[in-house]
Amino acid sequence: MEQNLLELAYKAADDKRAEDIVVLDMKGISMIADYFLICHGNSDKQVQAIARELKDKAEENGYTVKRLEGFDQARWILVDLGDIVAHVFHKDERGYYNLERLWGDASFVEVSETH
């Protein structure tokens with residue numbers, strides 16, 4: 001089930017042309033979620049479109065979106081899907097926050113798009 005949600009989220013971000021999509025395995029590192037999906041868009045509208053697609057696709061497939069934060073500002077939108085938290089950055093903010101470095105002890109996960 002978790003793997004299905006991960007693939008669904010990855011595909012939703014990719015469908016809206018999110019850039020540099022990475023997935024970090026947060027098990028044993030963070031109590032917040034098992035996985036972080038991190039990506040960015042090049043404009044406010046694209047960042048919002050990516051976040052909206054993540055939310056819509058999750059709900060269409062029976063998953064609950066626990067929280068959606070930062071949507072109006074479109075600089076860093078957090079989409080909480082439970083075991084998976086998606087961080088959708090504006091291109092300008094991604095390098096500044098650099099979550100991949102912050103969570104450097106997390107391993108990267110390869111996500112296959114099987115849909």
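Here's a walk through this predicted model, from its sheet to the two helices that pack on it. Local features need pLDDT of at least 70 and side-chain atom pairs count only at pLDDT 80 or more, while totals for chains, interfaces and linings use all residues. Residues are numbered from 1 along each chain as its sequence is written, and side-chain values use heavy atoms, with hydrogens and water left out.

Start with the sheet. Six strands (DSSP runs of E, at least two residues, numbered from the N terminus) make an open sheet with mixed pairing, ordered β3-β4-β5-β2-β1-β6. Two strands pair if DSSP finds at least two bridges between them. β3 (67–69) and β6 (107–108) sit at the edges with a single partner strand each, so one side of each has no neighbour in the sheet.

Now look at β2 (residues 35–41) and β5 (residues 84–90): they run parallel, joined by seven bridges. Tyr35 stands opposite Ile84 in β5.

Next come the helices (DSSP runs of H or I, at least four residues). α1 packs on the sheet by touching β1 (19–25), β2 and β5 (contact means heavy atoms within 4.5 Å), and its direction makes about 5° with that of β2. α2 touches β2, β3, β4 (76–80) and β5, and its direction makes about 165° with that of β5.

How do the helices meet? The axes of α1 (residues 2–15) and α2 (residues 44–60) come within 8 Å and cross at roughly 140°. Axes are lines fitted to C-alpha atoms, for helices over the stretch in contact, with angles from 0 to 180 degrees between N-to-C directions. Among the residues making this contact are Leu8 of α1 and Ile50 of α2.
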